[in-house]
Amino acid sequence: MQKLKDNELKIEWIELSKLKPYKANTKLHPKEQIDKLKKQIKEHGFDVPIVVDDKFVILKGHARVIACKELKHKTVPVIIRTDLSEAQKRAVRIADNKLTESAWDDDMLVAEFEFLKDLDFDID
């Protein structure tokens, strides 16, 4: 396995049709999640790159790819990882989804929602 050097990752805009879902993806993406992602992308743009391997198989970003396909995007920002072993690719897929699961700071969350509501921002 080769190691990445500092600043070696780069973002490229790749045709969405080239990206391939990982056939054994363990994360489910219900319609409700995809609809929320589509709304987020429409309102704020798409600024979280999809991560793929050298064969364009998705490592991170399956739900974002589904949302972008439904939105009829032609290209998406992509980071291509060529430095991971097959075991690391599998582990990274699981870790990426699991590591984002954590508790909220409820007091801070309430304060953020109050701020947005005061601005008449749609928080749906």
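Buried here means under 20% relative accessible area. Keep that cut-off in mind, because by this count 27% of the 124 residues in the protein are buried. One caution before you click on anything: this is a predicted model.

**Stop 1: the whole chain**

Show the C-alpha trace and turn it around. Along its principal axes the trace spans about 50 × 30 × 30 Å. Switch to cartoon and you should find 4 helices and 4 strands, which follow the order β-α-β-β-α-β-α-α along the sequence. Take the contacts between residues at least 6 apart in sequence: 84% of them join residues at least 24 apart.

Now put a surface on. The accessible surface comes to about 9300 Å², and carbon and sulfur atoms account for 55% of that. If you colour by charge, there are 24 positive and 24 negative charges, with their mean positions 11 Å apart.

**Stop 2: strand β4**

Select residues 75-81, which make up β4. Because 5 of its 7 residues are buried, β4 is largely enclosed by the rest of the structure.

Which way do its partners run? β1 pairs with β4 in the antiparallel sense, over 5 bridges. β2 runs parallel to β4, and 4 bridges join the two. To see one rung of each pairing, show E15 with its bridge partner T75 in β4, then D53, which stands opposite R81 in β4.

**Stop 3: I14 in strand β1**

Stay with β1 (residues 11-15) and pick I14. Is I14 buried or exposed? Its relative accessibility is 10%, so I14 counts as buried. Leaving out residues up to four places away in sequence, I14 touches L19, F56, K74, T75, V76 and V78. Show those side chains together to see what surrounds I14.

One of these contacts makes a good bridge to the next stop: I14 and F56 are 42 residues apart in sequence, yet 9.6 Å apart in space, C-alpha to C-alpha.

**Stop 4: F56 in its loop**

Centre on F56, in the loop between β2 and β3. Check the backbone here: phi of F56 is near 70°, a positive value in a residue other than glycine. How much of F56 is accessible? At 23% relative accessibility, F56 counts as partly exposed.

**Stop 5: helix α2**

Next, select residues 62-70 for helix α2. Which of its residues are buried? Colour H62, A63, R64, V65, A67 and C68. These buried residues pack against α1 (31-44), β2 (50-53), β3 (58-60) and β4 (75-81), so bring those four elements back into view. Then step past the end of α2 to K72, where phi is again positive, near 65°.

**Stop 6: helix α4 and D120**

Finish with α4, residues 106-118. This helix has 13 residues and reaches 18 Å from its first C-alpha to its last, close to the 18 Å expected at 1.5 Å a residue. While the helix is on screen, look down its axis. An α-helix has 3.6 residues a turn, so residues three or four places apart point the same way.

Now move on to D120, in the segment after α4. D120 has a positive phi of about 60° although it is not a glycine. Its relative accessibility is 72%, so D120 counts as exposed.

Methods:
Residues are numbered from 1 along each chain as its sequence is written. This is a predicted model: local features need pLDDT of at least 70, side-chain atom pairs count only at pLDDT 80 or more; totals for chains, interfaces and linings use all residues. Side-chain values use heavy atoms; hydrogens and water are left out. Buried means under 20% relative accessible area, exposed over 50%, partly exposed in between (1.4 Å probe, protein chains only). Contact means heavy atoms within 4.5 Å. The expected span of a helix is 1.5 Å times one less than its number of residues. Accessible areas come from the Shrake-Rupley method with a 1.4 Å probe; for residues, only the protein chains shown count as cover. Lys and Arg count as positive and Asp and Glu as negative; His and the chain ends are not counted. The place of a charge is taken as NZ of Lys, CZ of Arg, CG of Asp or CD of Glu. Two strands pair if DSSP finds at least two bridges between them.
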